[in-house]
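Trainee: Hi! Could you walk me through this one? I'm new here and would love a friendly tour.

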Amino acid sequence: MIKLNFETNLGIKQFIESCVSHFQKAKDRKTIEGVLENEINLLMKTKRISTIENYRTALRSLLAFTGNNRLFAEIDSDVIDNYQNWLKEKGVGLNTISCYMRSLRTIYKSSALRKGIKANDAFRNAFTGNVKTIKRSLTIDDITKIKDLNLPEGSLLDTTRDLFLFSFYSFGMPFVDVAHLKKSQIEGDWLSYYRRKTGQLVKIPIEPCMMQIIHKYYQKERDYIFPIMTSSDKESNNYRSKLTIYNRALKDLARIAGINCNITSYVVRHTWASVAFSHNVELSVISKALGHTNTETTMIYIREIDDERLKSASRLLLNGIGIQ
């Protein structure tokens, strides 16, 4: 409740404006945007940055469907079902839909619990599973094609190629971790970092090919190794925009190199895992290099080549017993 304090000598106009502002904020707190954004802000203390960004991306998508003034109390199964159908009509993939639904369900239930109200079964028909995706790995020949491209020194494509190769050389380091690497993380011949997604520590021996790229972008006055982030960046927003630019440039690199694959920042991670596995690197070693907490997660990265390995093993066995 707003109390008029005559000692402040507020004029009528200022008082009315204060009332409007107060009630507008109260209204905002009841909208889907106000309630869920507030919940995301509260969860920032307990969730990783990548998780919070997933929540915000999902909320932006929902608001694009509902509008900014829809009330939180109006969220029910009809709203979520219609939203899911809207996403499908826009051509959004099922795995992306699943990610949105799981994120929205989490912050919705968390907010309802915090408010002391019973959450309805709004997400009972929501798709939250996973669909097997198409092959996402490159070959060694593809990596070589990208490495050997003749690109203008200092251009966006040149920098993108260097970052992509550095990621591959460093056990498929995710772009978010490459972007936030600092010079202080280099100790002798080793580079150490904690994965921003899982918090797992990963240690990488610095090979000459990696050091060559590091030296190329080294600047004494900059804390970060690469010119992606700056100390003044608002971390979340600026990182997302730079990731978008990076992914677009990767598509251009693929086109120039004649690679028929939809290259994204995550392809290099699958590529390193697949190449390592095909060269008989032990699964436990690959898992540690990727910063995975268990080998089951690692198998998601290399399962796509299992059929070919089985085919080769079968043929080798049959040849060994004289069957052509």
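Mentor: Happy to. Let's start with a network of salt bridges that links Glu 153, Asp 158, Arg 161, Asp 162 and Lys 216. A salt bridge here is a side-chain nitrogen of Lys or Arg within 4 Å of a carboxyl oxygen of Asp or Glu.

Trainee: Anything I should know about the model before we go on?

Mentor: Yes, this is a predicted model, where local features need pLDDT of at least 70 and side-chain atom pairs count only at pLDDT 80 or more, while totals for chains, interfaces and linings use all residues. Residues are numbered from 1 along each chain as its sequence is written, and side-chain values use heavy atoms, with hydrogens and water left out.

Trainee: Okay, back to the network. How far apart are the closest N and O atoms of Arg 161 and Asp 158?

Mentor: They are 3.2 Å apart in that salt bridge. Arg 161 and Asp 158 sit three residues apart in helix α7, about one turn of the helix. Helices are DSSP runs (H or I, at least four residues), as are strands (E, at least two), numbered from the N terminus.

Trainee: And which residue does Asp 162 form a salt bridge with?

Mentor: Asp 162 pairs with Arg 161, and their closest N and O atoms are 3.8 Å apart. Asp 162 also belongs to helix α7, which covers residues 156-169.

Trainee: Is Asp 162 buried or exposed?

Mentor: Asp 162 is buried, since its relative accessible area is 7%. Buried means under 20% relative accessible area, exposed over 50%, and partly exposed in between (1.4 Å probe, protein chains only). Arg 161 and Asp 158 are both buried too.

Trainee: What does Asp 162 touch further along the sequence?

Mentor: If you leave aside neighbours within four places in sequence, Asp 162 is in contact (heavy atoms within 4.5 Å) with Ile 213, Lys 216 and Tyr 217.

Trainee: New topic! How many salt bridges does the structure hold?

Mentor: Eleven. One of them joins the side chains of Glu 74 and Arg 70, at 2.6 Å from N to O.

Trainee: Are Glu 74 and Arg 70 buried or partly exposed?

Mentor: Glu 74 is partly exposed, with a relative accessible area of 34%. Arg 70 is partly exposed as well, at 30%.

Trainee: Zooming out, what makes up the chain?

Mentor: The chain has 14 helices and three strands. Of its 324 residues, 39% are buried.
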